[in-house]
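Trainee: I would like to take a close look at one kind of link in this protein, and to go through it slowly. Could you show me the structure before I ask about a detail?

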Amino acid sequence: MAHLGSRRTRALALPVGLALTASLGFLPTSAASAAPSDGLPTAAVSTDGPKLSYVVNTRGGHGTVKQVKKAIARAGGTVVIAYEQIGVIVVHSQNPEFAQSIRRVKGVDSAGATRTNPIVPQATKDIGVEQSLSAEQARAAAAEATADQDPMEPLQWDLPAIKADQAHRVSLGSKKVTVAVIDTGVDDTHPDLAPNFDRGASANCVSGAPDTADGAWRPQTGESDHGTHVAGTIAAAKNGIGVTGVAPGVKVAGIKVATSSGFFYTEAVVCGFVWAAEHGVDVTNNSYYTDPWLYNCKNDPDQGALVEAVTRASRYAEHKGTVNVAAAGNSSEDLAADTLEDSTSPNDTTPVTRTIDPRECLDIPTMLPGVVTVSATGAKGLKASYSNYGDGIIDVAAPGGDSTIYQTPAPPATSGLILSTLPGGKYGYKAGTSMASPHVAGVVALIKSSHPHASAAAVKALLVHEADATACGDPYDINGDGKIDAVCEGPRNHNGFYGAGVVDALDAVRR
């Protein structure tokens, strides 16, 4: 089994020599008549740099956006799409000085490049461990299944861990509730997903603008199966085949935001949240972090603009009634620490080692205000060996799986990882906070099914209130080597490992 502490799989490439030069100075007063009122020069701008994507965050309404669009063109940018409802414009430009120039324009709050140079890492929040389900394992599980279980449900130790099996005897969830998987794409042709798939709420947002062509939301051959696995955990149908989701009666949508090489860039994430907000989505699941920065520092002009853009988009979705759920990450780090070391950013050129303050440098969308942040547990109910944590950061916990070396499930389950759907009608195991987050998204969907008129804030309050409080317990030595692997701080009902506790699907449908 691969090392469970790995946050992400990544590949490195030689830098392309990109260097952003100093800002252009303002023209002298005597030459003021030669420049537009926005301060941009009329001379031709450079277009010989690498083609990058930017987000430009504006203030004001339609009029401001209209003027900023004109300035973008003069600065050598091409507008991909403008989300006027949140004041975010997605731009492409080959002008190496585009960001510095456009930041000086009246009506612009911030602007930043969303990437440095595309390469081929994976940025999801699973831990890079995947195991296929063999035909022999499937047959053995089916032999153990009771009349009210799908054939592979006996292998899903994670369902009874949150009382989802009991909840299903009360309610499977409402078809009027939709959970959007903002991820690498969802294979809606899978027989366990097809009955519950919401095509109208699905799209491909990779470019920053939604593409609704038939099947655009699906992963293509060779692309990550991550989103399909997440979707099955949320809403695999209880239909007599395969596995069962936490909320098998609700709808699930796919909003594809990852490039073919596995990047989740800001413009795609912004598009995903806005699309969800405007297409009746009740819950979004976000099992990723926004590339290329593991932590985005608000005092950096580029990174700060990315934080602002994703914040605006996620808040917009919440204001429309959407509950946003996100994975905490797999670095075994205390997100409430005074400092953290990041040696993996930017992950699309050459990373540099930096010491950051997690109060100022955020994993987005995970650490944004209003987002439900989820840590992972294993089959014994302990914090998973890889899961990030942090007092005041983690809201709730849910099964994400762990190595059987650390946490072995009770029979008939044989793997400590999470079993779910894979593209092409297949099934397999994964682990990570990526797998914990969709358990919470499923429980949120059950709450919304029971309380259809509840606001996003009310649903989150119920989620926290109904969670099963879980104390820190004994000193955390997950591998038994006599050394403390992480320190849990806080009381039973709200601590750094489990937040308010492990989510409770049964309470979600009966309270």
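Trainee: Is the disulfide of Cys297 and Cys361 right-handed or left-handed, and what is the torsion about its S-S bond?

Mentor: Please keep in mind that this is a predicted model, and that we are reading the link from its computed atoms. A disulfide joins Cys297 to Cys361, with a distance of 2.1 Å from S to S. The torsion about the S-S bond of Cys297 and Cys361 is about 105 degrees, so this disulfide is right-handed. Cys297 lies in strand β10 (residues 296-297), while Cys361 lies in strand β14 (residues 361-362), so the pair ties together parts that are 64 residues apart in sequence. To judge whether the two ends are hidden, recall that buried means under 20% relative accessible area. Cys297 has a relative accessible area of 8% and is therefore buried, and Cys361, with a relative accessible area of 6%, is buried as well.

It helps to set this link beside its companions, since the structure holds three disulfides. One of them joins Cys205 to Cys271, with an S to S distance of 2.1 Å, and with -60 degrees about the S-S bond this link is left-handed. Cys205 sits in the loop between β7 (203-204) and α6 (226-235), whereas Cys271 belongs to helix α7 (residues 266-277), so this pair ties together parts that are 66 residues apart in sequence. Both ends are buried here too: the relative accessible area is 0% for Cys205 and 1% for Cys271.

Another disulfide joins Cys472 to Cys488, again with 2.1 Å from S to S, and its torsion of -65 degrees about the S-S bond makes the link of Cys472 and Cys488 left-handed. Cys472 and Cys488 each lie in the loop between α10 (456-466) and α11 (505-510), so the parts that this pair ties together are 16 residues apart in sequence. Cys472 counts as buried because its relative accessible area is 18%, a value that falls under the 20% cut-off, and Cys488 is likewise buried with a relative accessible area of 18%.

Finally, you can place your link within the whole chain by counting the bonded cysteines along it, which gives the disulfide pattern 1-2, 3-4, 5-6. When you return to the picture, begin with Cys297 in strand β10 and Cys361 in strand β14, and then look along the S-S bond, where the torsion is about 105 degrees.

Conventions: Residues numbered from 1 in each chain as written. Predicted model: local features only at pLDDT ≥ 70, side-chain atom pairs only at ≥ 80, totals over all residues. Heavy atoms only, no water. Disulfide = S-S within 2.5 Å. Helix = DSSP H or I, 4+ residues; strand = E, 2+ residues; numbered from the N terminus. Buried < 20%, exposed > 50% of the residue type's maximum accessible area, 1.4 Å probe, protein only.
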